[in-house]
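Hi,

Here is the structure I promised to pass on to you. Have a look at it first, and below it you will find my notes.

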Amino acid sequence: MHARGRGLLLLLACGLACISAQTTIVSTVVARNQTTLEALIANADLTTTLSVTTREFTLFAPTDAAFNALGTNSLVAKLTASPVGQYLPLLQDVLKYHVLEQNAAVPSSALPFTALNMNTLSPGSSLSVGRSAPQVNALAPGVGAANITTFDLAADNGVVHIVNTVLLPPSTQRT
């Protein structure tokens, strides 16, 4: 085979081998070794939703320590129940509360200096998000605020900001 043919074969081989898997919000959580969040996303049947690349997400991802800080109260028992069964809607609601609704990745540079209410994927719920603290606040009384500890973990379908607290939507106040 002459040099030109070998070059074409090399180009084809590299082209096939160099195709890399897309980095998604979910694979970013997995790569950060956030095992609790990873397991809960899977239990809530949200892996496919948060892996689509036809839209962009902004995820405020609680650390394992944040989930552990919830203690062993009844809400935690419900969130970590296996099988999830009757608690699936609650688990989905809590996790969706950490994802902004708009179809856009919101990097830290786009977070407002003054806190702004932003809708989440949890129906009828919003978060107060601002970077002056930098903090994300739940709008329902007594359900917490989270500091953003790591910003701008880029994924092909959005951005992940690591937070130090699990934010609880207003619906959890009724459980």
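Aspartate 152 is found in strand S5. In this predicted model, aspartate 152 is not a glycine, yet its phi is positive, near 60°. Most residues other than glycine have a negative phi. With a relative accessibility of 33%, aspartate 152 counts as partly exposed, because the value falls between the 20% limit for buried and the 50% limit for exposed.

The strand around it has a partner. S5 covers residues 145–155 and runs antiparallel to strand S6, residues 158–163, with 5 bridges joining the two. One pairing you can look up is threonine 150, whose bridge partner in S6 is isoleucine 162. The connection from S5 to S6 is a hairpin through 2 residues.

What does threonine 23 touch, once its neighbours within four places in sequence are left aside? Its contacts are Thr28, Ala154, Ala155, Asp156 and Asn157. Threonine 23 itself belongs to the loop between helix H1 (3–17) and helix H2 (25–31). From threonine 23 to aspartate 156 there are 133 residues in sequence, but the C-alpha to C-alpha separation in space is 5.3 Å. Threonine 23 has 34% relative accessibility and so counts as partly exposed.

There is another positive phi to show you. Aspartate 45, also not a glycine, has a phi of about 55°. You will find aspartate 45 in the loop between H3 and strand S1 (57–62). Its relative accessibility is 55%, so aspartate 45 counts as exposed; the cut-off for that class is over 50%.

Last, a helix pair. Helix H3 (residues 35–43) packs against helix H6 (residues 88–96), their axes 9 Å apart and at an angle of about 130°. That angle is why H3 counts as oblique to H6. The crossing of H3 past H6 is left-handed. On the H3 side, the contact is made by Leu37, Leu40, Ile41 and Asn43, and on the H6 side by Leu88, Leu91 and Leu95. Sorted by type, the residues in this contact of H3 with H6 are 6 nonpolar and 1 polar, with no charged ones.

If you open the model, the two aspartates with positive phi, aspartate 45 and aspartate 152, would be my suggestion for where to begin.

Best wishes

Terms used: Residues numbered from 1 in each chain as written. Predicted model: local features only at pLDDT ≥ 70, side-chain atom pairs only at ≥ 80, totals over all residues. Heavy atoms only, no water. Helix = DSSP H or I, 4+ residues; strand = E, 2+ residues; numbered from the N terminus. Buried < 20%, exposed > 50% of the residue type's maximum accessible area, 1.4 Å probe, protein only. Contact = heavy atoms within 4.5 Å. Pairing = 2+ DSSP bridges. Axes fitted to C-alpha atoms, helices over the stretch in contact; angles between N-to-C directions. Parallel < 35°, antiparallel > 145°, perpendicular 65-115°, else oblique. Left-handed = near helix turned anticlockwise from the far one by under 90°. Nonpolar A, V, L, I, M, F, W, Y, C, P; charged D, E, K, R; others polar.
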